[in-house]
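Reader: Hi! Could you walk me through this one? I'm new to reading structures.
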Amino acid sequence: MEAAKRHGTIISYDLNYRDSLWKGIGGPARAREVNRELAPLIDCMLGNEEDFTAALGFEVEGLDEPPHET
């Protein structure tokens, strides 16, 4: 991402949080850490309410269920 940014490339990023991919390396806490580190490099970030909660730690009002696998 840093190299792309240096060359003027627009960077998009889909949060698309999947618990099964993160659970072996620190779960939601590690996902939040990694994604917050990447966020300043991103021009367009995509995700739904559950992704933003799980992957970045943003509390979204009105959510009743934790993120789930699709």
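Reader: Is glutamate 33 buried, exposed or in between, and what is its relative accessible area?
Author: Glutamate 33 is partly exposed, because its relative accessible area is 48%. Buried means under 20%, exposed over 50%, and partly exposed in between, with a 1.4 Å probe and protein chains only. This is a predicted model, where local features need pLDDT of at least 70, side-chain atom pairs count only at pLDDT 80 or more, and totals for chains, interfaces and linings use all residues. Residues are numbered from 1 along each chain as its sequence is written, and side-chain values use heavy atoms, leaving out hydrogens and water.

Reader: Cool. Where does glutamate 33 sit?
Author: Glutamate 33 belongs to helix H3, residues 27-38. Helices (H or I, at least four residues) and strands (E, at least two) are DSSP runs, numbered from the N terminus.

Reader: And which residues of H3 are buried?
Author: Gly27, Ala31 and Asn35 are the buried ones. Down the axis of H3, they fall within an arc of 55 degrees (taken from the directions from the helix axis to the C-beta atoms), so they line one face of the helix. Ala29 and Glu37, on the other side of H3, are exposed.

Reader: What do the buried residues of H3 pack against?
Author: They pack against E1, helix H2 (19-22) and H4, with contact meaning heavy atoms within 4.5 Å.

Reader: New topic: where is confidence lowest and highest?
Author: Helix H4 (residues 49-56) is lowest, at a mean pLDDT of 88, and strand E1 (residues 12-14) is highest, at 96. pLDDT is the predictor's confidence in each residue, from 0 to 100.
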